[in-house]
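Visitor: Hello! Could you show me around this structure?
Guide: Gladly, here it is.

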Amino acid sequence: MTDEDYMREAIIEAQAASARGEVPVGAVLVNPASNKIIARSGNAPILLDDPTAHAEILTLRDGAYNLGNYRLNDLTLYVTLEPCTMCAGAISHARTGRVVYGASDPKGGAVENGVKFFSQASCHHKPKVTGGILAEECSDMLKAFFKARRQKSGK
C-alpha cells in the first residue's frame, strides 16, 4: 500500500469523527514492514471529555497497548492534519519512526508551522516527516466542517 492508501484510511477516521460532531482529524498507525494497521482513531475530545483525545494521541495509545510497548520505533503515523505541539511531543516520546500528514495547519500545527517541534534542541527524537499527502482532500474536509458549523450557529 502507498502513503495515499493509508491517508485514505485516516480520512475514514476523520469522517467518523466529523459524524460525531468532532473536528474531522483521523490517524492510523502502520507497521510498514508488514503493511499492517496497528491502530486507528479519530478526534474524540468531546466524546471522551478529554482535551488530550486528539486522533494522534488515541492512535499512539492504542498502538502502544496493542504492541505491548510504549516505543513505536519503525512505525509510521498517518494523520490528516499537521500535528499540534502536544501531539508532536507524544510522537517524539513514542520514538515513532515516521509521520505522514495531509493538510498543513498554519494556526495550530507544530511540524512545519508554529514551534516546529521536531527542529528544537529539546526534541529527544525526530521522526522522518512527509507532509502534503492528499492535502487538498484533508483540507477541504476541515473547511466544510467549520463552514457548516458557522452556518449552524448563524455566524
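Visitor: What is the order of the strands in the open sheet?
Guide: A word on the source: this is a predicted model, where local features need pLDDT of at least 70, side-chain atom pairs count only at pLDDT 80 or more, and totals for chains, interfaces and linings use all residues. Residues are numbered from 1 along each chain as its sequence is written, and side-chain values use heavy atoms, with hydrogens and water left out. Strands (E, at least two residues) and helices (H or I, at least four) are DSSP runs numbered from the N terminus, and two strands pair if DSSP finds at least two bridges between them. The five strands have mixed pairing, in the order β2-β1-β3-β4-β5.

Visitor: Which are the edge strands?
Guide: An edge strand here pairs on one side only. That describes β2 and β5 (128-130).

Visitor: How many bridges join β1 to β3?
Guide: β1 and β3 run antiparallel, and A27 stands opposite V79 in β3. The bridges joining β1 to β3 number four.

Visitor: Which element gives the most to the largest nonpolar core?
Guide: Such a core is a set of buried (under 20% relative accessible area, 1.4 Å probe, protein chains only) Ala, Val, Leu, Ile, Met, Phe, Trp, Tyr and Cys residues joined through side-chain atoms within 4.5 Å. This one has 38 residues, and M7, L29, L72, Y78 and F118 touch the most other members. Elements giving two or more residues include β1 (26-31), β3 (76-81) and α5 (135-153). With five residues, the top contributor is α1.

Notes
Buried means under 20% relative accessible area, exposed over 50%, partly exposed in between (1.4 Å probe, protein chains only).
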